[in-house]
Amino acid sequence: MAGGAEERHSAMTATLDALSHLDKLDPQRMIDAILAFPEMAEKAREIALRADLGMPRTYRNIVVSGLGGSAIGGDLNRALFAGSLREPMIVNREYDVPEFVDESTLFIASSYSGNTEETLAAFEDALERGAHIVAITTGGTLKELARDNDFPCVLLPGGYQPRAALGYGMFGLMYALVRLGVILDPGVAFDEMLSVTHSIRERCHPDVPSDKNPAKHLAARVAGHIPVVYGSEGYRGVVATRWKGQFNENAKTFAAAGVFPELNHNETVGWSGVGELGAKLFAIILRDPKESKSCLLYTSP
């Protein structure tokens, strides 16, 4: 890094290491919710496995309806299980539902607060179409609608911002899908996820100094820039979108996200014309050994 950049980086890492600043920088204690992710996942699995969801049945399609933090869990499940889903699954972010929704549809209304306007409207639309509905929520109007219409509900613990409750929403949905016969129990993969997230928490904990903490190191480099987060197809692209949303909502900063290889056919070209703006952009490319070896290669449109 150049001299000025080095000074800014050093100043930022010093700030991140001074834990006395944490309450001022993070008054809602979002860091606590992030650190609780493994425990949220375990609790969500337990809740969904105990919930009275009825007997599995056959569906022609699955629609998960939600917005923001309550929808990203649907995106992740759809992408993670795309190779094994026998029925098509989509994530709906609209007030109404697709025309194909009918009595053969499994409709999952996901709203952490239970009061998301668009999700409640989609619930009513799906109800009129005769869909089999399952609610995933902490309460609110969605819980009441499910109760009043005799639909099952996975009732999650409250107390978090929806964007901070991904562990509940994602794995509450995952194990509801297991119980409903849509996917197989990930079993060992779930346990491995817990092990990995515990390890990441140890390495990236606020108590770990910047010179040994990859999260603080990256944060110091991104500071003062506009983050542009890229991932390859599948769940990696969904994770990039999740990063973008976290930058938007937690850091209150503009951010962008894109997915390879699609962006090779449009957005990549745009980088050649950013001019002086380029100095303000900070590209983060999320990599995975399982991604296609050619997906990041630029090809002329």
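Let's start with the aromatic pairs. This is a predicted model, and a search of the whole structure turns up seven of them. Take one: Tyr 230 with Phe 260. The geometry is edge-to-face. The ring centres sit 5.5 Å apart, and the planes make an angle of 70°. The two residues are 30 apart in the chain, so this pair ties together distant parts, because Tyr 230 belongs to strand S6, residues 226-232, and Phe 260 to strand S7, residues 256-260. Buried or exposed, Tyr 230 and Phe 260? Both Tyr 230 and Phe 260 are buried.

Stay with Phe 260 for a moment. The peptide bond from Phe 260 to Pro 261 is cis, with omega near 0°. Most peptide bonds are trans. Pro 261 itself lies in the loop between S7 and helix H12, 267-270.

Two more items on rings. One aromatic cluster is made up of Phe 37, Phe 171, Tyr 175 and Phe 190. And there is a charge over a ring: Arg 236 lies over the face of Tyr 235, 4.7 Å from the ring centre.

Next, cavities. How many cavities of 30 Å³ or more does the structure hold? Two. The largest has about 60 Å³ of space. Its lining includes Gly 69, Ser 70, Ser 110, Ser 111 and Tyr 112. Ile 136, Leu 156, Pro 162, Ala 165 and Gly 169 are also in that lining. Which elements give two or more residues to it? Helix H5, 69-80, and strand S3, 105-111. By class, the lining of the largest cavity has five nonpolar residues, five polar and no charged.

The second largest cavity has a volume of about 40 Å³. Among the residues lining the second largest cavity are Val 64, Gly 69, Ser 70, Gly 73 and Gly 74. Ser 110, Leu 166, Gly 169, Met 170 and Leu 173 line it too. Here the elements with two or more lining residues are H5 and helix H8, 166-179. The class split is four nonpolar, six polar and, again, no charged.

Ser 70 deserves its own slide. Ser 70 lines the largest cavity, and Ser 70 also lines the second largest. Ser 70 is found in helix H5. Why does Ser 70 count as buried? Because its relative accessibility is 11%, and the cut-off for buried is under 20%. The side chain of Ser 70 reaches the backbone nitrogen of Tyr 112 at 2.9 Å. Tyr 112 is in the lining of the largest cavity as well.

Now Glu 118. Glu 118 is in helix H6, residues 117-128. Its relative accessible area is 21%, so Glu 118 is partly exposed. Glu 118 and Asp 148 are 30 residues apart along the chain. Their C-alpha atoms are separated by 19 Å.

Last topic: backbone angles. Most residues other than glycine have a negative phi. Arg 29 has a positive phi of about 55°, although it is not a glycine. Where is Arg 29? In the loop between helix H2, 22-25, and helix H3, 30-35. At 29% relative accessibility, Arg 29 is partly exposed. Lys 252 likewise has a positive phi, of about 55°, and is not a glycine. Lys 252 sits in the loop between helix H11, 235-250, and S7. Lys 252 counts as exposed, because its relative accessibility is 63%.

Note on methods:
Residues numbered from 1 in each chain as written. Predicted model: local features only at pLDDT ≥ 70, side-chain atom pairs only at ≥ 80, totals over all residues. Heavy atoms only, no water. 1 Å grid on protein atoms, 1.4 Å probe; cavity = no way out; pocket = protein on both sides within 12 Å on 5 of 7 lines; lining within 4 Å. Points joined across faces, edges and corners; volume = space filled by probe spheres on them. Helix = DSSP H or I, 4+ residues; strand = E, 2+ residues; numbered from the N terminus. Nonpolar A, V, L, I, M, F, W, Y, C, P; charged D, E, K, R; others polar. Phe/Tyr/Trp six-rings, centres within 6.5 Å; stacked < 30°, edge-to-face > 60°. Buried < 20%, exposed > 50% of the residue type's maximum accessible area, 1.4 Å probe, protein only. Lys NZ or Arg CZ within 6 Å of the ring centre and 35° of its normal. Polar contact = N/O pair within 3.5 Å; in protein donor to acceptor, adjacent residues only side chain to side chain.
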